[in-house]
Amino acid sequence: MAQDLAPVRTPRKAALAAWCGSALEYYDFAIYGTAAALVFPKIFFPEGNETAASIASFATFGVAYVARPIGSFFMGHVGDRLGRKRILIGTLLLMGVSTFLVGCLPTYGQVGMLAPALLVVLRLLQGLSAAGEQAGANSMSFEHAPDDRRGFFTSFTLSGTQGGQILAPAVFLPLAAVLPEDALLSWGWRVPFWLSAAVVLIGFLIRRTLDETPEFHREAARDETPKAPLGVLFRDHWAGVVRVFFAAFVAVVNTMFAVLALNLATSEDYGIEISKTTMLWLAIVANVVAVGTIPLWASVSDRIGRKPVFVTGLIGSSVLVTLFLWSITQHDVPLVLISGIALAGVVYSMPNAVWPATYAEYFPTSVRLSGMAIGTQFGFALAGFTPTIAGWLLDGDADNWYRVAGFVVAACAVSAIAVLTGPSGTHRVPTAEVGRTTTRGAALPVPEPAR
């Protein structure tokens, strides 16, 4: 009888809920990354060494990625034990409160080293939230989607990330263009963080009315949800976790584009000094293009499979990231714009569109959220420290750009190998059966379909 009361699939509503949460997470990602590149070195750290302040500022950006792997264990356990909906509401509220409070922090000039210490605490809380947000949203949209359109509906999680990255520069752009620098540094930078409250409210209203996924409900009704999901995950599906970990290195491309390139192009320290307005407009246009291309590439993967789309995007990203960084150092603004839009808007959108469905298909329902959360968050840790690593590779000299390009290309190569060695044809497997193999390739029992 309990099975008869199982919720029906509501793919559009689940996709909208995933979009809103991802938009908030990456609105935070983008405004923090923008502020870390343009503002935080001047207000949260001592004066006198701009390069050191920039590296320290980027380190606070990366510290959230330290909390993400830790949080992934807790969020994964809760999501696979108690359900996707609880995780999605909790992560949304935690991210929203933490982001709002960043805008309320005192500066170094007001409280000294307490200012960056408080900044780090809030970044850690944001990292804990992010550990479960994308994996929860992916699981929710994946399990609500029709079996033959999982790529398309799950891609709205990543389309939301682009939406957040459109909102962030759209808010920062008029502030940076209109406000004098002293006003921007004193209060203007706070406004984007405070505006996150509106996104939280909208997302909460949508998520609180969303039903649990039919797949999770069915397993819970049969008492098949594992009491220790992490134990099952690492016993039977550890290979999927390792594969997701290495495949997630692709996120290095996005962090390089969103944070490192902005600092390289605009900072006086490198002597290139492309205008901040130009680079912020580049981010807006590239992400607008990505909002359109992501569902397109995801739909292609529903027809031909995940691997061809994912790996083709990695190859293209390797080529274009090299051209993009070189064009910045040459102060070739038209080429910066063309290569940047092609990179972030078109080519990087290929793996970005399909990784949610790709990773979800490595795991069964019982451990899907924890498998994706742990694998991605440990992999994303490298991406989080990309600006810090790149700052060290540049060593204050823009002529060392090729070192950064080599680092990003190497990350893409690792990601490609991980995906290519993974299972094929998963887009054709029904949701109830997908991922149901052990690390030794033996099929796990598939429950009888609900009557």
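Helices in this description are DSSP runs of type H or I with at least four residues, numbered from the N terminus. With that in hand, Thr365 can be placed in the loop between α19 (349-360) and α20 (368-384). The model is a predicted one, and what follows starts with the whole chain before coming back to this loop and a handful of other sites.

The overall picture is helical: the protein chain has 22 helices and zero strands. Its C-alpha atoms fill a box of roughly 70 × 40 × 35 Å along the principal axes. A compact globule of 451 residues would have a radius of gyration near 22 Å, and the 21 Å found for the protein chain agrees with that. As for burial, 60% of the 451 residues count as buried. Contacts reach well along the sequence, too: among those between residues at least 6 apart, 85% join residues at least 24 apart. On the outside, the protein chain exposes about 16,400 Å², with carbon and sulfur atoms supplying 67% of that area. The charges come as 30 positive and 30 negative, and their mean positions sit 10 Å apart.

Back to Thr365. This loop residue is buried, because its relative accessibility is 4% and the cut-off for buried is under 20%. Setting aside residues up to four places away in sequence, Thr365 touches Asp80, Arg84, Glu143, Glu215, Phe216 and Glu219. There is also a partner close by in sequence, as the side chains of Thr365 and Arg368 are joined by a polar contact of 3.3 Å. Gly62, by contrast, is 303 residues from Thr365 in sequence, and the two C-alpha atoms are 31 Å apart in space.

Another threonine, Thr358, belongs to helix α19 itself. Thr358 counts as buried, with a relative accessibility of 4%. A polar atom of the Thr358 side chain lies 2.6 Å from the backbone oxygen of Val354. Beyond the residues up to four places away, Thr358 touches Arg306 and Phe310. Pro423 is 65 residues from Thr358 along the sequence, with a C-alpha to C-alpha separation of 9.5 Å.

Thr255 is placed in helix α15, which spans residues 251-266. Thr255 is buried as well, at a relative accessible area of 2%. Its contacts outside the four-place window are with Phe29, Phe61, Leu260, Ala383, Thr386 and Pro387. Following α15 is the loop that leads to α16 (276-304), and Glu273 is found there. Phi of Glu273 is near 55 degrees, a positive value in a residue other than glycine. Glu273 is partly exposed, because its relative accessibility is 48% and that class lies between the 20% and 50% cut-offs.

Gly203 is a helical residue, sitting in α11 (residues 196-207). With a relative accessibility of 0%, Gly203 counts as buried. Cys20 and Leu92 are the residues that Gly203 touches once those up to four places away are left out. Arg436 is 233 residues from Gly203 along the chain, and 32 Å separates their C-alpha atoms.

The last stop is the loop between α21 (386-394) and α22 (401-420), where Asn400 is found. Asp395 lies in the loop between α21 and α22 too. Asp395 has a phi near 55 degrees, again a positive value in a residue other than glycine. Asp395 counts as exposed, at 59% relative accessibility, whereas Asn400 is buried, with a relative accessible area of 12%. The two loop residues are nonetheless linked: leaving aside neighbours within four places in sequence, Asn400 is in contact with Leu393, Leu394 and Asp395.

Methods: Residues are numbered from 1 along each chain as its sequence is written. This is a predicted model: local features need pLDDT of at least 70, side-chain atom pairs count only at pLDDT 80 or more; totals for chains, interfaces and linings use all residues. Side-chain values use heavy atoms; hydrogens and water are left out. Helices (H or I, at least four residues) and strands (E, at least two) are DSSP runs, numbered from the N terminus. Buried means under 20% relative accessible area, exposed over 50%, partly exposed in between (1.4 Å probe, protein chains only). Contact means heavy atoms within 4.5 Å. A polar contact is a pair of N or O atoms within 3.5 Å; within protein, one must be able to donate a hydrogen and the other to accept it, and residues adjacent in sequence count only if both atoms are side-chain atoms. The radius of gyration is taken over C-alpha atoms; the globule rule is 2.2 Å times the number of residues to the power 0.38. Accessible areas come from the Shrake-Rupley method with a 1.4 Å probe; for residues, only the protein chains shown count as cover. Lys and Arg count as positive and Asp and Glu as negative; His and the chain ends are not counted. The place of a charge is taken as NZ of Lys, CZ of Arg, CG of Asp or CD of Glu.
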